[in-house]
Amino acid sequence: MTESNSNALRQERLKKLASLQQQGHSPYPTKFERSHGAQQLQTDFENHTETEQFQELAAVTVCGRITALRRMGGASFLDLRDGSGRIQLYAEKDTLSEQNYELLMEHLDIGDFLGVSGQLFRTKRGELSIDIKNFQFLSKSLLPLPEKWHGLKDTEVRYRQRYLDLISNEETREAFRTRSRIVTAMRTFLDGESFLEVETPVLQPIYGGAAAKPFVTHHNKLDTDLYLRISDELYLKRLIVGGLERVYEIGRDFRNEGLSTKHNPEFTMMECYQAYADYEDMMRLTENMIAFIAQEALGTMEIEFQGHKIDLTPPWPRKTLRDAILEETGIDFLKHPTTETLIQAIKDARLKVTTQKTWGKWVDELLSVYVEPKLISPTFLTDYPVELSPFAKKHDGSDTLTERFEVFAAGFELGNAYSELNDPLDQRERFETEAKIENQGNGEINPLDEDFLTALEHGMPPTGGLGIGIDRLVILLTDRPSIRDVILFPTLRPVKANIQNKDSA
RNA sequence: GGGUCGUUAGCUCAGUGGUAGAGCACCUGGCUUUUAACCAGGGUGUCAUAGGUUCGAUCCCUAUACGACCCA
């Protein structure tokens, strides 16, 4: 059996580890107290440029991962990175003593965690540095880091071993910091609008609230199958029934479908529901919220997405779905109320489409192929067909259209909202209609949820509801091409064989 | 599910039907203000996996695995 190179590199480090221990140094101590973060030092001493300015300062103590090492005989420079930033360390025989200098240099590898204390100074080239007086190994690394200049590019390794991506690529670190700021800003906004944050079940006896296939799991003691939720909708509405007038939830939904640059089987959704509001109110809420988030998380409402300049300043344009499809395809779906005439119109217009099974799916196809990709600037499309909107209230006097909108930006759907259907009898009919369509071989429907209907029968006030896909919002605001770039550990096919086998003799 | 592309050293990548290359990393030596440090020396590899064609395959063919992108 050939000893692999990675194993050879590892053996080299294991030797250093053993040698450290032999000399009475623990390579994995429990705790370390620091006086400063790296970025704090850079900021606090920005204006200290003269050597004398540092002389009265006490020693500073920092800790972090060593990311670069420049050895020059009796003195060496080290880059130390912590969670906040980078600081240069200077190790010198004269300060450390020859013995300690050798101890450090003989055992240190790039990737190790180190705690140091020493005197701040500026080098000839003007870089703030710490002249090390004392040091302690905080964690010895056994495997080498990716290359320092090109970083880690292999997409598969970046996703499977995200920690390496985070260590290597600043853009990755920044994208996830921005994601966190986005979610925080969203909470700040909703809290400011008096919404109550709640948590509802992920494990549900009946799934619903969206058109999607669920994941199924099993509870042993109850001996019953449960579904991972595909949306939060039906539980949040129960809370509206219960008198919580404004609620929201930010949580994971699960849809048992394909993966793409815009789809991950588990994804994060924000849903909010507001009593006595309608979909017009939710439109205003949406544009104000996302503009606020952009301002908080990015400091601007003017963003760039894959080369397109996008202005998020409200108000955003509104357009009916009918007009949008009419403009792009010349087809007025309201004039073709049956599947047959709609298909004929699509044929006459010689549109490139994929065959669909129902009238609503055909409308949806026209939307996704001809309209959606063109909606780069944020746009509300309103008034969707009933068939596509089983939980939305019908327009007054219309049997065809609902008070619903979807909001689009960057060529994809960001969110979805309705004036919520609160007529329990109508809701029951919608479930039953869906079941009939399912019998025609549709595929994804909301199974009838008797418990939810009971809640509606107790009375739900007029309510506006909104769902925003957080991952997609982050895609938009961080200018990333793929949802995998904004989910720390995106779903990948599991590896069957071991990637590495490190336990060979 | 279909198509295209990719998989070579720890990382980033070249390359060829005749026993494998660079830079970084690593190892040895030198160097007390460097910062992609530098100088001298060292290549550390199941060329994704399994078959096939061939005197000979990392390269050509087939299948498989994983990934990326496009289509469904």
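How many cavities of 30 Å³ or more does the count come to? The answer is one cavity. Please keep in mind that this is a predicted model. Here is a short tour of that cavity, followed by a look at a five-stranded barrel and the helix that lies across its strands.

**The cavity**

- The largest cavity has a volume of about 30 Å³.
- Its lining takes in Gln204, Ile206, Tyr207 and Gly208, along with Ser231, Leu234, Tyr235, Arg238 and Asp449.
- By character, the lining residues of the largest cavity divide into four nonpolar, three polar and two charged.
- Helix H9, spanning residues 233–241, gives the most to this lining, with three residues.

**The barrel**

- Five strands close into a barrel, and going round it the order is S1-S2-S3-S5-S4.
- The pairing in the barrel is mixed, and the twist averages 55° from one strand to the next.
- Strands S2 (residues 75–81) and S3 (residues 86–92) run antiparallel and are joined by seven bridges.
- To pick out a pair of bridge partners, look at Asp79, whose partner in S3 is Gln88.

**The helix across the strands**

- Helix H5, made of residues 98–107, lies across S1 (60–71), S2, S3, S4 (113–122) and S5 (128–139).
- Relative to S5, helix H5 runs at about 65°.

Notes
Residues are numbered from 1 along each chain as its sequence is written. Chains are lettered from A and ligands numbered from 1 in the order in which they are written. This is a predicted model: local features need pLDDT of at least 70, side-chain atom pairs count only at pLDDT 80 or more; totals for chains, interfaces and linings use all residues. Side-chain values use heavy atoms; hydrogens and water are left out. On a 1 Å grid over the protein atoms alone, a cavity is a set of points where a 1.4 Å probe fits but cannot get out, and a pocket is an open set with protein on both sides within 12 Å along at least five of seven lines; lining residues have an atom within 4 Å of a point. Grid points are joined across faces, edges and corners, and a volume is the space filled by probe spheres set on the points. Helices (H or I, at least four residues) and strands (E, at least two) are DSSP runs, numbered from the N terminus. Ala, Val, Leu, Ile, Met, Phe, Trp, Tyr, Cys and Pro count as nonpolar, Asp, Glu, Lys and Arg as charged, and the others, Gly among them, as polar. Two strands pair if DSSP finds at least two bridges between them. Axes are lines fitted to C-alpha atoms, for helices over the stretch in contact, and angles run from 0 to 180 degrees between N-to-C directions. Contact means heavy atoms within 4.5 Å.
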